[in-house]
Amino acid sequence: MRTVEEIKAAIETAIPGAGAEIVPNPSPSGQHSLRLAPSHAVAVARFLRDELSFDFLSNASGVDWPDCLEAVYHLYSVALKEGPLTIRMRTANRTGQVELPSLTPIWRSAEFQEREIFDLFGIVFKGHPDLRRLLMWPEFKDHPMRRDYVEPDDFEYEPTAHDAVLARAAAHRAAKEAGR
Amino acid sequence: MTVTGFVRERKPEGWNRPPIIEPDGEGELLEVAMGPHHPSTHGVFRMDVALDGERVVRLKPVFGYLHRNHEKLAEGMNYLGSMPFTDRLDYICSLTNNWAYALAVEKLTGQEVPERAEYLRVILGELTRVQNHASSIGFLIQEMGASGTPLMYAFREREKILDLFESLTGSRMMCNYMRFGGCRVDASAAWLDAARKVVAGLPGFVDEFERLLSTNEIVMARTQGVGILRPELAVNAGVTGPMLRASGVNYDIRKVDGYGIYNRFNFRVPLGDHGDVYDRFMIRMLEMRESIRILTQALKDIPPGPVMDPKAKLRGFRPKPGEAYGRIEAPKGELGFYLISDGGPNPYRYRVRPPSLINLTILEDMCLGQNVADVVLIFGSVDIVLGEVDR
């Protein structure tokens, strides 16, 4: 099992200025990760797949941090039977600049997962062949996995209404009255 | 060690395929929405298919009919609170879902699992695998048009296994049994005896099932050479589980990671050599046999002792800030949980890596150029559960 330091050194020799930095993980799992600069991410990803034989992208997930959005990928090597290597990329902020390069051209398994991240977090993956919403319907506006997402006021009758539901129903009726 | 060359009878390539008539470029494409209520979709799933005559020229899966944002729900409750919800992901195999989640949290907190609990996890996980593979083969044959009999054979065995689950966990399908640092309750000696009895009957069932199906003329005609998946594409597209091994890639997480105590057991990894629907069907058949081998060993060796780490705290614990990705070989493929803790009682980020969804990435590649009737079989051979696809 190669360590993150070795992989970082290999990347820096092959791609000068790649700007990979190690993000330590203090938890007992000890899965340290590599943060890539979005500008070089596709080249680094291709190097990881072709030269370091990380041929299997297992998991891609989005994370909503207070000041940015992040895409996290877990790579494994089927050929060498090792892993995981965690790589991550950050957007510039949460509102305007939410673009990241897509890794789908390198690993096909990111196709649906990046669509899901786009759908639920709102990260726009440049270079994705088919970037549409995956789970929500196409007309849906917001990104539900963001932490500041506000649920729509779509109160429905609930047979065993209890306190929170009753309060929500009252608010719903008041809003409807005010609208009328 | 792996098993290959298992096919007892394979006819010459293309024997069951009519000659392909190349489209002449005239006429229109027919667009068909297969689903969301098509009986072969195992739930609510849609495939937008474009057909040229009988041939598929485009296929786009449409997801989300069963979406309830499981990940968001889990971020709003403590770690233990999501355990019952993991049952509802792949509701055929709730115990392996529990296991994967417990494994990820144990990686995050560094908890140890007592030996007896590890054995119980292996026993329950392999029983889950047997009943999942049996019923998925039953469904596949059902979709081929053999209404009833093979599925009922599979469900007869599944019923015995579900009875075991019920008597141990209190529930047949929504088991909610594993905990961080062990299992919820201990198995009695009577339960272990009952399990031994069920396991002793399983090889006879697999023999019968294989005799019934694997050399059946119709099964072979419908499945051989259909929906071929190349190993390079399978690895690149993140396909895992029996589908990946049917394409001939030797990758079983039980062997690779050796999580739990799997490296103590003697079992083989069956591999396919054609990567078609028939291989996927046969791989499941052979994996049931290997699971029975593991079960026999585990039920023989299970030691006495506690099933919970006495220091383990279930409610209100706060893992140190950090993250962990834990994965297991679930019956459908690699099931992983990715957790980020910010030091609070709830996970900051909770992500499920669903094998069913990711195995569908190459559905279009497998279906292109095939007949529309084969789409049902190819889709059935992926073996998905919509509760996990849509989360």
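Two residues are taken to be in contact here if their C-beta atoms, placed from the backbone, lie within 7 Å. With that cut-off in hand, this tour walks through a predicted model, beginning where the two chains meet and then moving into each chain in turn.

**Where the chains meet**

Select the residues of each chain that touch the other: the contact takes 36 residues from chain B and 28 residues from chain A. To see how the side of chain B that touches chain A is assembled, colour α1 (70-75), α3 (94-109), α8 (231-236), β8 (322-330), β9 (333-341), β10 (349-353) and α12 (355-359) of chain B, each of which supplies at least two residues of that side. The largest share, five residues, comes from β9(B). Recolouring this side of chain B by residue class divides it into 15 nonpolar, eleven polar and ten charged residues.

**The sheet of chain B**

Keep β8, β9 and β10 of chain B selected, and hide the rest for a moment. These three strands form an open sheet in the order β8-β9-β10, with antiparallel pairing. The strands β8 and β10 of chain B stand at the edges and have a single partner strand each, so one side of each is left without a neighbour in the sheet. Looking along the sheet, the twist averages 10° from one strand to the next.

Now zoom in on β8(B) and β9(B), which run antiparallel and are joined by nine bridges. For one of the paired positions, pick B:G326, whose bridge partner in β9(B) is B:F337. Bringing α3(B) back into view shows a helix that packs on the sheet and touches β8 and β9 of chain B, its direction making about 150° with that of β8(B).

**From α3(B) to α4(B)**

With α3(B) still displayed, add helix α4 (residues 115-143) of chain B; the two helices pack at an angle of about 135°, with their axes 8 Å apart. That angle makes α3(B) oblique to α4(B), and the crossing of the two is left-handed. Show side chains for B:L95, B:T96 and B:W99 in α3(B), which meet B:R121, B:L124, B:G125 and B:T128 in α4(B). By class, this contact of α3(B) with α4(B) has three nonpolar, three polar and one charged residues.

**The pair α5(B) and α6(B)**

Next select helix α5 (residues 149-169) and helix α6 (residues 189-213) of chain B, whose axes come within 10 Å and cross at roughly 170°. That angle makes α5(B) roughly antiparallel to α6(B), and α5(B) passes α6(B) in a left-handed crossing.

To display the contact itself, pick B:P150, B:Y153, B:E157, B:K160, B:I161, B:L164, B:S167 and B:L168 on α5(B), and on α6(B) pick B:W191, B:A194, B:A195, B:V198, B:L202, B:F205, B:F209, B:L212 and B:L213. What classes do the residues of the contact of α5(B) with α6(B) divide into? They comprise 14 nonpolar, one polar and two charged residues.

**Chain A: two domains and a mixed sheet**

Turn to chain A and colour it by domain, with domain 1 covering 4-142 and domain 2 covering 150-180. The C-alpha centres of domain 1 and domain 2 of chain A lie 40 Å apart.

Then select the strands β1 to β5 of chain A, five strands that form an open sheet in the order β1-β2-β5-β4-β3, with mixed pairing. At the edges stand β1 (21-23) and β3 (56-64) of chain A, each with a single partner strand, so one side of each is left without a neighbour in the sheet. The twist in this sheet averages 30° from one strand to the next.

Follow the order of the strands from β1(A). Three bridges join β1(A) to strand β2 (residues 33-35) of chain A, and these two strands run antiparallel; among the positions to pick is A:V23, whose bridge partner in β2(A) is A:S33. Three bridges also join β2(A) to strand β5 (residues 82-90) of chain A, but here the strands run parallel, and A:R35 stands opposite A:R88 in β5(A).

Continue to strand β4 (residues 69-77) of chain A, which runs antiparallel to β5(A) and is joined to it by seven bridges; there, A:A71 stands opposite A:M89 in β5(A). As a last stop, centre the view on the hairpin of β4(A) and β5(A), which has four residues between the strands and in which A:K81 takes a positive phi near 55°.

Technical notes. Residues are numbered from 1 along each chain as its sequence is written. Chains are lettered from A and ligands numbered from 1 in the order in which they are written. This is a predicted model: local features need pLDDT of at least 70, side-chain atom pairs count only at pLDDT 80 or more; totals for chains, interfaces and linings use all residues. Ala, Val, Leu, Ile, Met, Phe, Trp, Tyr, Cys and Pro count as nonpolar, Asp, Glu, Lys and Arg as charged, and the others, Gly among them, as polar. Axes are lines fitted to C-alpha atoms, for helices over the stretch in contact, and angles run from 0 to 180 degrees between N-to-C directions. Angles under 35 degrees count as roughly parallel, over 145 as roughly antiparallel, 65 to 115 as roughly perpendicular and the rest as oblique. A crossing is left-handed if the near helix is turned anticlockwise from the far one by less than a right angle, and right-handed if clockwise. Domain bounds come from an automatic or database domain assignment. Two strands pair if DSSP finds at least two bridges between them.
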